[in-house]
Structure formats: C-alpha cells, structure tokens
Amino acid sequence: MPELPEVETIVRALAVRLQGATVGSATYWPSRVFRGVTPPALDGAFVKEVRRHGKYVLIELNRGYLAIHLGMTGKLLFDVPDSKYTRAKWLFDGVLLSLEDIRQFGRVIWGEEIPEGLRLLGPDPLEISLQEFVNRAWSHRTGIKPLLLTQTFVRGLGNIYVDELLFRARVNPTRSSAGLSQKQLTHMWEEMRRLLEEAIRHGGSSISDYVDTSGRKGSFQREHRVYGRGGEPCLVCGSPIQKIFLAQRGTHFCPVCQNL
DNA sequence: AGTATGACCTGATGGC
DNA sequence: TGCCATCAGGTCATAC
C-alpha cells in the first residue's frame, strides 16, 4: 500500500509526537510481520529521531532501531482500540501507537544498528542527483518500469507513482532503461521529484486502505492521471488509457502520449 | 544479471 | 444469498 509519499506523511506525524518520548510498554501479537524475530520490550528507551528510509518508517531509539514496513495494508494509528488486525502497539509517554496490518505483508525489524535490509536499498528519489539517476538507469538492461520498482535502484517508488511518473515524463513503460535518452531521463528525474513532492503535499494517495496516523485519507488519488483509469480517456489526448501487465503488476499508460 | 512464476495473506468486488 | 474467480499501494525465493 504505502509508497514514499504515504510513508513520508506518516513519518512527519510520528516525528511530532514521538521525538524525545520514552517507551513505556510494547505489546506484540504473534504475527508474520515479525518474521520470527520479535523486538525486545524496550521499556525506558527513548526516541532520538523518526525518519523515512525508502518505504520504511525508521524509529531511532537510544538503544537501537525499530524499522517498520507497512507492506500493502499496514497502518500506524494513534489512540485506537485493539482490533483483529492489531499486530503491535507501543505506549510512548502516554501516546498509544498501534500497528495494524490485515494482510501481514508488512514487517517489523529490530536492530542495534540500521538493519542491513535498509542499508542495501538504493538512493532516495528525492535526493538522487540527475547524473547518478542517468548513470544508474543506463547501467541496467531491464525494462524501465520494473527497474523503477526495484528498491535497490531507487528506494520508495511503488506501482502508483511509477505509472504516474512515466505518464508525466511521456515514457512508455515497456521501454528498456538503457535505451532511454539523456533528455528522457532528465525529464523523468524532474517529474519524479515534482510528482512525489506534490503527492506529499496532498497527504499521499488513498485507494482503499491507506490512512495516516489519525485515520485520515490522502487526496492525491484525485490527481492520478493514469493509475486506476484503464479504459477511461487520457486527460491530455482523449485516447483510452491502456492497462497491461508488466512484471506481474498492473500497468496504466496512454499509448499515444507515451508512444514507443 | 535478467525475467518469469508462485508464494505469502485477507478482503472487496463482480459474474453467474 | 452463495460460490468462484480475480484483483489489490509489496516484497521474496526459486528456477531457468
């Protein structure tokens, strides 16, 4: 579910309420999200910083790092009662934070250092330089869509924002990354930043599950130009938006605006 | 190194 | 109303 803009929205809200707070208690329900390794109790630990690392929420404590990936249906919610899908909850100076995850594709990782799974990810799309973006794109032989979804290439893009980005940059999703021109990649890099920043300003996209820490939906789904619009007219040229499958992911694009 | 496939989970939706 | 298939903001592991 949540991609970079949604996780960024969550992290900003967490930072306000958790920075400097002390962990009073932690409760973990048996669940796949821990992948067999439940974090320690953490009583008395305090929060140094909350930040985003790709699609991970990273909570830095004085004793180590709690990394939370929300998978497809994960939510971090303040002050809600336990539900059937509550997988963990923490009390930070009287503030209750719960992790709910229906499908359990999310994960919670504990590490005394930043977990390796996070360190191995590629650069952040909002921080990567144009030159590095171009060089990295040209160094792979794969399709541009699957490449943008690969978190070791850049960290944080998912299916919605890749489709939207390729539409805005007028790049066909079936193109190979190495075959793109400097001009096309420059356009993509610029649109990537613009798109993500705009989506963050809208509080992310809510299709079915995503809500922020207060349970509120984002509004960027109203700005989607291709994602979820298969068969509907292109907002630029009017031809029907196509939906195909690439790398097993639904892929939406305009065959005219994004011609080969 | 690439790509293709299935697995992991649960719920919503649409066709019959 | 029920049953079945299909689909969903994401990784992962395995096999060619």
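**View 1. Arg 32 meets the backbone of DNA strand B in this predicted model.** A polar atom in the side chain of Arg 32 sits 3.4 Å from a sugar or linking oxygen of DNA strand B. Arg 141 approaches a phosphate oxygen of DNA strand B at 2.9 Å, through a backbone N or O atom. Arg 103 reaches a base instead: an N or O atom of its side chain is 2.7 Å from a base oxygen of DNA strand B.

**View 2. The surroundings of DNA strand B.** Arg 32, Lys 84, Tyr 85, Ile 102, Arg 103 and Gln 104 belong to this set, as do Phe 105, His 140, Arg 141, Thr 142, Gly 143 and Gln 248. Of the atoms of DNA strand B that come within 4 Å of the protein, 68% belong to sugar and phosphate. By residue class, the surface near DNA strand B holds 3 nonpolar, 5 polar and 4 charged residues.

**View 3. Polar contacts to DNA strand C.** The side chain of Lys 55 places an N or O atom 2.3 Å from a phosphate oxygen of DNA strand C. His 69 also faces a phosphate oxygen of DNA strand C, with a polar side-chain atom 2.9 Å away. For Asp 209 the partner is a base: a polar backbone atom lies 2.7 Å from a base oxygen of DNA strand C.

**View 4. The surroundings of DNA strand C.** There are 24 residues around DNA strand C. Those that come nearest are Met 1, Lys 55, Ser 208, Tyr 227 and Arg 249. Sugar and phosphate make up 56% of the atoms of DNA strand C that come within 4 Å of the protein. Helix α5 (159-168) and strand β9 (242-246) each supply at least two residues of this surface. The surface near DNA strand C divides into 9 nonpolar, 8 polar and 7 charged residues.

**View 5. An open, antiparallel sheet of 4 strands.** The order across the sheet is β1-β6-β7-β5. Strands β1 (23-28) and β5 (74-78) are the edges, and each pairs on one side only. From one strand to the next, the twist averages 15°. Strand β1 pairs with β6 (residues 86-92) over 5 bridges, in the antiparallel sense. In this pair, Val 23 stands opposite Phe 92 of β6. In general, strands of a sheet pair through backbone hydrogen bonds.

**View 6. Edge strand β5, covered on both faces.** 5 of the 5 residues of β5 are buried, so the strand is largely enclosed by the rest of the structure. Gly 74, Leu 76 and Phe 78 are buried on one side. Lys 75 and Leu 77 are buried on the other. Strand β5 pairs with β7 over 5 bridges, in the antiparallel sense. Leu 76 stands opposite Leu 99 of β7.

**View 7. Helix α1 across the sheet, with Glu 8.** Helix α1 (residues 4-18) lies across β5, β6 and β7 (95-101). Helix α1 runs at about 30° to β5. Glu 8 lies in this helix. Its relative accessible area is 15%, under the 20% cut-off, so Glu 8 counts as buried. Leaving aside neighbours within four places in sequence, Glu 8 is in contact with Arg 52 and Ile 200. With Arg 52 the link is a polar contact of 2.7 Å between the two side chains.

Key:
Residues are numbered from 1 along each chain as its sequence is written. Chains are lettered from A and ligands numbered from 1 in the order in which they are written. This is a predicted model: local features need pLDDT of at least 70, side-chain atom pairs count only at pLDDT 80 or more; totals for chains, interfaces and linings use all residues. Side-chain values use heavy atoms; hydrogens and water are left out. Two strands pair if DSSP finds at least two bridges between them. Axes are lines fitted to C-alpha atoms, for helices over the stretch in contact, and angles run from 0 to 180 degrees between N-to-C directions. Contact means heavy atoms within 4.5 Å. A residue is near a molecule or strand if one of its heavy atoms lies within 4 Å of it. A polar contact is a pair of N or O atoms within 3.5 Å; within protein, one must be able to donate a hydrogen and the other to accept it, and residues adjacent in sequence count only if both atoms are side-chain atoms. Ala, Val, Leu, Ile, Met, Phe, Trp, Tyr, Cys and Pro count as nonpolar, Asp, Glu, Lys and Arg as charged, and the others, Gly among them, as polar. Buried means under 20% relative accessible area, exposed over 50%, partly exposed in between (1.4 Å probe, protein chains only).
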